[in-house]
Amino acid sequence: MAALALLVVAAPASADTGDEVPVGTRLAARTHPAVQLTSITYSGEVVVPSSQAKQAAWDQLTNEATQAVLAGKIPSDERSIAKFFFQRVAADVDRYLQPVGPERTVKAQVGGMCTGWWVTPDGYMVTGAHCVEMSNEELSQTFAQQALEKFNKQDAKEMINALRNFEADKEMLELVQQIYVTFNSTHLEIRGLQKSLSVLQSLPGGGVDKTAKEVPAELVSVGESYPGKDFALLKVNGQQNLPTVPLGDDADVQTGDTLYISGFPGLVTNTPWFSLESKLDPALTEGPYNAKRSTQEGVPYIQTQAPSYHGNSGGPVFSRAGKVVGMLIAGTVSENGEASENESFVLPVSIIKEKLNEKNVKPSASLTTTKYNEALDDFFQRHYKDALPKFREVQALFPGHPYVAKYITDSQQAISSGKDETPQPMWLWIAIGAGVLIVVGGGLLLLVLMRRRKKTPSSPQGQSPSPAYGGPYPGVNGGGGYPAQVGAAMTGSR
């Protein structure tokens with residue numbers, strides 16, 4: 001009992017459990033390694049015809065302009081008449097222009113960025129259907145925007161020069177360019193179209209930095225874009241020990257609960273002002289679960305106030321417990337195309353599981369993730385000496401881990417600066433307790449021996465000495481013997 005009491009007193013109180021670490025901080029640390037930037041790229045040859053005026057339509061337009069001037073509906077100056085012409089043509093381009101040869105061609109490449117996340121250690125990734133496919137209409141619009149600017153400006157300049165000595169101001173130039181934006185985009189063709197999908201991964205050595213490269217991805221399965229079951233499954237071959245995130249259930253969250261969205265907002269990935277390292281670090285946003293919705297096709301969606309942006313599409317949505325409860329698919333936008341706050345829509349995890357089951361893909365946690373989470377638990381409790389070897393094990397399991405290298409450095413620095421609060425192992429406290437017990441026990445024995453070596457009173461002549469042990473202490477009337485004192489000392493030590 002004495003030894004047990006000593007151990008209880010000697011062992012330090014358990015260190016901080018880390019509960020003061022914000023939920024978002026802990027969740028981001030655990031899940032960000034599995035969240036990746038995805039890319040879709042279309043390349044091809046854009047072909048547009050030359051344009052020619054439809055003479056009859058232009059003659060009629062000339063008569064209309066003349067009548068408008070005579071009737072005083074428009075001023076008679078050259079600029080006003082030209083503006084009248086261009087406005088009428090821009091309102092109905094194909095009435096006044098027709099495609100003719102020769103064709104003009106330009107090679108172009110278009111695409112976009114989205115978010116995906118690993119569900120198996122060997123390279124299966126979930127993302128949105130609209131992240132891996134573009135409709136013909138979307139392709140035409142995108143190619144027109146990115147590939148035809150040169151032709152649009154050239155054609156507008158030729159039309160203005162045909163007016164002879166007419167100097168167009170900025171407003172007039174933009175009006176004429178709009179005519180050819182419409183004409184060229186309407187009549188363009190895309191030939192030799194090719195599509196590629198990729199995931200942006202960091203190279204072995206760790207760190208999300210300039211060593212990241214695009215790794216080809218195979219499209220395994222794709223559903224229907226929003227408002228359908230907007231789901232796609234990718235496979236990146238040659239992977240092992242990838243970080244993964246766990247899937248939860250629809251019932252894990254309900255109205256009022258906080259949801260967390262992880263992904264890559266386009267306002268960061270599309271700007272030239274941020275470094276590549278910044279662009280490859282996912283952003284975490286949070287907001288309440290507002291309501292459960294259903295599309296006209298009967299597909300369930302969750303409405304949340306967690307902010308999302310272009311590029312967040314396909315990103316995982318987490319519960320407070322850190323499990324995936326859905327995937328960010330859509331958000332409403334304003335008239336000018338900007339994201340509208342407070343209206344993000346999430347495809348529930350039940351649909352994701354349904355689609356994974358169709359391809360017999362079983363989500364699983366990698367050893368990398370298990371060890372990494374254990375190391376994070378130690379790190380957030382400031383048990384840096386315990387965390388350090390675990391982080392090193394993670395780095396050995398998955399050299400391309402984007403964050404573990406920094407945690408190793410941070411742990412080493414914390415240890416060096418005396419911030420470590422790792423508790424001593426139990427065997428050490430047992431050894432210390434045993435040593436203390438030996439010392440205390442030895443001291444008690446020595447005290448007993450010293451007291452017993454004192455001389456006892458002389459016995460009457462001819463009588464044997466009284467026994468030194470077991471009887472009352474000499475000279476004390478009715479007092480307790482030594483054993484009673486020993487008992488009192490033991491009682492006091494408890």
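Which residues do ring pairs link into a cluster? In this predicted model, the cluster made by ring pairs consists of Tyr372, Phe379, Phe380, Tyr384, Phe391 and Tyr407, and selecting these residues with their side chains shown is a convenient way to begin the tour.

**The aromatic cluster**

The count of aromatic pairs in the model comes to 10. Select Phe379 and Phe380, whose rings form an edge-to-face pair with 5.9 Å from centre to centre and 75 degrees between the planes; both of these phenylalanines are buried. Next, add Phe391 and Tyr407, where the ring centres are 5.2 Å apart and the planes stand at 10 degrees, an angle under the 30 degrees that counts as stacked, so this pair is classed as stacked. Colouring the helices helps here, because Phe391 belongs to helix α13 (residues 384-397) while Tyr407 belongs to helix α14 (residues 404-416), and the pair therefore ties together parts that are 16 residues apart in sequence. Phe391 and Tyr407 are both buried as well.

**The sheet**

Now switch to a cartoon view and look for the open sheet of seven strands, which is ordered β5-β4-β1-β2-β3-β7-β6 and has antiparallel pairing. At its edges are β5 (213-216) and β6 (218-222), each of which pairs on one side only. On average, and with direction ignored, neighbouring strands of this sheet are turned by 35 degrees against each other. Within the sheet, select residues 97-118, which make up strand β2, together with residues 124-127, which make up strand β3; these two strands run antiparallel and are joined by two bridges. In one place to look, Trp117 has Val126 of β3 as its bridge partner.

**The nonpolar cores**

Keep Trp117 and Val126 selected, for these are the residues with the most contacts inside the largest nonpolar core, which has 50 residues. Apart from that core lies another, of 23 residues, and to find it one can select Ala57, Met159, Phe166 and Ile179, which are among its members. As a general background to such groupings, nonpolar side chains in soluble globular proteins tend to be buried together.

**Charges over rings**

The tour ends with two places where a charged side chain sits over an aromatic ring. Select Arg104 and Phe151, and the arginine will be found over the face of the Phe151 ring, at 5.0 Å from the ring centre. Then select Lys235 and Tyr124, where the lysine lies over the face of the tyrosine, at 5.4 Å from the ring centre.

How values were computed. Residues numbered from 1 in each chain as written. Predicted model: local features only at pLDDT ≥ 70, side-chain atom pairs only at ≥ 80, totals over all residues. Heavy atoms only, no water. Pairing = 2+ DSSP bridges. Helix = DSSP H or I, 4+ residues; strand = E, 2+ residues; numbered from the N terminus. Axes fitted to C-alpha atoms, helices over the stretch in contact; angles between N-to-C directions. Phe/Tyr/Trp six-rings, centres within 6.5 Å; stacked < 30°, edge-to-face > 60°. Buried < 20%, exposed > 50% of the residue type's maximum accessible area, 1.4 Å probe, protein only. Lys NZ or Arg CZ within 6 Å of the ring centre and 35° of its normal. Core = buried A, V, L, I, M, F, W, Y, C linked by side-chain atoms within 4.5 Å.
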